[in-house]
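Let's walk through this model together, moving from the place where the chains meet to the spaces enclosed inside. Keep the 3D view open as you read.

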Amino acid sequence: MSKLVSKPQDESVVTESRWQSLKQFTSARIALGRTGTSIPTGELLDFQLDHARAIDAVHRALDVATLNQQLVASHSLSHVITTPPLLVQSKASDRMVYLQRPDLGRQLSEACWQQLCDARAEYHHQEQRQEQHKGQHQGQQEYDLAIVVADGLSSTAIQKHALPVIERLVEKLSGDDAHTWSLAPITIVTQGRVAVGDDVGECLNAKITLIMIGERPGLTSPDSMGIYLTWAPKRGAKDSSRNCISNIRPEGLPYEEAAHKAHYLLSESMKLQLTGIGLKDRSVGLEEEAQLESDATSSFLIG
Amino acid sequence: MTASYRWQQGDKVYHFGSLAELMAKATPERSGDALAGVIAESAEQRVIAQMALADVPLKTFLTEAVIPYESDEITRLIIDSHQLAAFAPISHMTVGDFRNWLLSDAADSQALSALRDGLTPEMVAAVSKIMRNQDLILVAKKCHVVSAFRNTIGLPGRLSTRLQPNHPTDSLDGIAATIFDGLMYGNGDAVIGINPATDNVPQTIKLLAMLEEVIQHYQIPTQSCVLTHVTNTIEAIEQGAAVDLVFQSIGGTQGTNDTFGVNLAVLKEAHEAALSLKRGTVGNNVMYFETGQGTALSADAYFGVDQQTCEARAYAVARQFDPLLVNTVVGFIGPEYLFDGKQIIRAGLEDHFCGKLLGLPMGCDICYTNHAYADQNDMDNLLTLLGVAGCTFIMGIPGSDDIMLNYQTTSFHDALYARKALGLKPAPEFESWLAQMEIFSDVDKVRLNQQLAKPFGASIALLSDK
């Protein structure tokens with residue numbers, strides 16, 4: 001990120017910190033310098049810009065039309081999921097309600113619940129007709145997986161990262177030798193929280209719900225996306241029955257790695273017929289590498 | 001059987017089904033009480049409830065529990081530890097009389113400290129609901145609560161800071177870099193306290209050892225803490241770790257504490273274990289508690305009691321263990337509990353007032369998340385108000401940005417602002433150390449040294465040599 005003020009500030013007024021070298025150890029806002037004992041103008045405005053971006057991420061409405069268009073136009077998706085995305089909303093009528101009533105963001109509105117159930121019945125009908133046409137027996141009634149996309153607390157995250165992660169994930173699923181995945185149409189939910197994926201999964205009759213959702217924006221990560229998986233999704237499912245992949249963004253967990261983790265967890269979930277604490281993520285990724293950081297027992301402060 | 005309450009205003013009669021309902025309806029507006037479904041239905045009903053509450057005799061709180069004695073160990077603690085002798089001077093008063101008395105000259109620092117054991121959290125919560133912000137500030141300022149470990153916290157005219165050097169992967173150098181930064185701004189006298197990213201016993205021991213080394217090396221008159229679960233700290237003590245303070249998040253109902261995985265017995269065990277180490281030099285207050293409005297609702301263990309009353313009940317738990325520090329983390333929980341700057345500010349002042357009146361060394365994590373309707377200006381306001389109210393301590397982190405917990409709290413610079421604007425100083429032992437280390441050129445005027453303090457300059461020089 002570029003600094004608003006790159007030239008040295010007036011030295012007679014601003015005292016630069018003499019420990020700039022410590023910035024190598026942390027991304028915390030250390031060595032800001034001071035004017036008197038207050039934060040210098042440049043550093044103050046850098047902070048304000050980061051906060052403004054975080055606020056915008058929470059309050060800017062998800063551009064559903066654009067996202068929908070991108071999903072429909074995606075070459076790699078159209079081969080696998082032929083039905084266009086379903087567009088629905090939660091019981092939270094707007095952002096104000098959403099922020100104050102998390103319970104409403106966890107459920108589909110009555111009309112949308114019905115809309116998804118109707119859609120499922122319609123697809124089921126079509127499948128049966130096709131199967132009869134082909135002279136096959138009645139097929140599976142369940143989908144393996146329903147992919148859900150919800151704005152959550154950062155529409156920015158969803159707008160940027162949902163499509164690339166879905167494309168990579170669907171590519172992996174369609175090339176999966178171990179299992180032939182049947183995928184429900186993608187559902188886009190506005191004013192949604194994590195649990196709204198349970199409603200979608202239940203309506204569409206899916207074995208697993210995978211919801212991509214905007215995470216609570218941090219000051220330096222306004223666009224962090226999370227993924228939650230729930231086996232046998234049903235309204236009222238417990239949070240302990242979910243698995244989570246978090247901090248998905250290029251500067252955090254990159255797309256390819258997120259898709260890899262999601263594919264791993266989905267495959268394990270299908271094998272074990274569960275999600276939650278019984279399903280451990282044993283795929284090796286960036287996070288683990290960070291945890292393995294040095295065995296040092298002392299810091300630079302002790303010379 | 002709980003009594004019901006009525007109030008006649010003109011030709012209209014209002015009914016409130018229980019003391020808990022009356023208190024909830026009398027509470028200044030906040031989103032958490034709306035989410036819980038206990039909030040007043042109108043602004044008028046709220047004031048009517050406040051009028052009815054002002055008329056309730058304080059004695060009522062000794063016979064009518066908002067959560068049953070039989071089913072909640074915190075109610076039992078409150079009732080069983082109540083001291084009638086201390087209560088005597090106000091035993092004839094109503095809640096409304098109590099407010100008048102608190103603001104009167106009769107309620108001086110001595111009278112207020114003599115009263116502590118005669119007060120229940122519910123009495124204190126009730127009176128706070130009919131007090132304006134300035135009332136909460138004025139009375140809290142009169143309450144002097146002093147605690148001590150390696151320095152003395154809470155003396156009048158002092159404002160201490162917790163140096164909070166969190167790092168997303170617990171990198172020791174990353175943590176040390178932030179400690180360095182904070183010390184150079186005179187922060188860290190309340191405690192140097194890390195929220196670990198990896199929350200287990202080996203990590204706790206590793207971080208404690210690192211903090212111990214720094215405190216010893218520079219002879220800093222302060223204490224360390226790793227904010228892990230109390231059972232981890234007990235285990236660390238058993239394994240011989242250098243534990244100064246025991247940390248735990250607590251709530252005001254037994255059910256809330258169940259979700260935190262604690263109860264009074266395990267807190268007692270931890271308290272005794274830490275005391276046995278005798279690591280304090282000027283005092284032996286060894287507990288550090290964190291609280292915050294909304295935890296009881298979040299745990300679905302609020303039993304129709306409003307979130308501010310639940311919060312005050314948590315202070316009964318805290319004071320049982322003579323803490324060094326109690327911290328209300330006021331804006332961390334999110335907008336579904338405290339929606340905006342106005343609600344966060346009000347809650348911060350209430351919590352500080354209630355804690356101080358009950359005899360706690362009350363500090364405040366003046367903070368907000370990015371989905372709340374709050375910003376740095378709201379935090380400036382609350383910081384200034386709490387500084388005037390004599391708040392015991394606040395947080396200090398680099399540039400207000402906690403990169404591990406992803407929220408904003410007060411910065412090292414903010415603490416110096418408050419000291420400068422309000423004439424406040426750090427703990428006396430720490431103050432001497434800052435002068436001795438030449439971190440400040442003039443502590444009274446809050447002037448930092450232009451030169452880098454020598455002992456610390458050495459570690460920076462060493463670094464550039466590497």
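A good place to begin is the contact between the two chains, which draws 59 residues from chain B and 53 residues from chain A. Please keep in mind that this is a predicted model. The size of an interface is often given as the accessible area lost when the parts come together. Here the area buried between chain B and chain A is about 4,800 Å², with carbon and sulfur atoms giving 60% of that area. On the chain B side, the residues that lose the most area to chain A are B:N370, B:H371 and B:H413, which together account for 13% of what that side buries.

Next, look at the polar side of this contact. How many salt bridges are counted between chain B and chain A? The count is one. To find the pair, look for the side chains of A:R29 and B:D401, which meet at 2.7 Å, N to O. Polar contacts link 14 residue pairs between chain B and chain A, where both residues are at pLDDT 80 or more.

Which elements of chain B build the side that touches chain A? Those that give two or more residues are the helices α2 (31-36), α11 (172-184), α12 (201-217), α20 (412-422) and α22 (454-465), along with the strand β14 (407-408). The largest share comes from α11(B), with 10 residues. By class, this side of chain B divides into 29 nonpolar, 22 polar and eight charged residues.

Now let's turn to the enclosed spaces. A search of the whole structure finds seven cavities of 30 Å³ or more. The largest cavity holds about 150 Å³ of space. Its lining consists of 17 residues, and those nearest the centre of this cavity are A:W19, A:R34, B:N449, B:Q450 and B:Q451, so residues of both chains appear in that list. The lining of the largest cavity comprises seven nonpolar, six polar and four charged residues.

The second largest cavity has a volume of about 80 Å³. What lines this second space? You will find B:L19, B:F61, B:E64, B:A65, B:V66, B:T75, B:I78, B:I79, B:T120, B:E122 and B:R313 around the second largest cavity. Helix α5 (residues 73-80) of chain B contributes the most to this lining, giving three residues. Sorted by class, the lining of the second largest cavity has six nonpolar, two polar and three charged residues.

Finally, step back to the salt bridges of the whole model, which number 30 over all chains. One of them joins the side chains of A:E256 and A:R168, at 3.7 Å, N to O. Because A:E256 lies in helix α9 (residues 255-272) of chain A and A:R168 in helix α7 (residues 155-174) of chain A, this pair ties together parts that are 88 residues apart in sequence.

Notes
Residues numbered from 1 in each chain as written. Chains lettered and ligands numbered in written order. Predicted model: local features only at pLDDT ≥ 70, side-chain atom pairs only at ≥ 80, totals over all residues. Heavy atoms only, no water. Contact = heavy atoms within 4.5 Å. Buried area = accessible area lost by both parts, 1.4 Å probe. Salt bridge = Lys/Arg side-chain N within 4 Å of Asp/Glu carboxyl O. Polar contact = N/O pair within 3.5 Å; in protein donor to acceptor, adjacent residues only side chain to side chain. Helix = DSSP H or I, 4+ residues; strand = E, 2+ residues; numbered from the N terminus. Nonpolar A, V, L, I, M, F, W, Y, C, P; charged D, E, K, R; others polar. 1 Å grid on protein atoms, 1.4 Å probe; cavity = no way out; pocket = protein on both sides within 12 Å on 5 of 7 lines; lining within 4 Å. Points joined across faces, edges and corners; volume = space filled by probe spheres on them.
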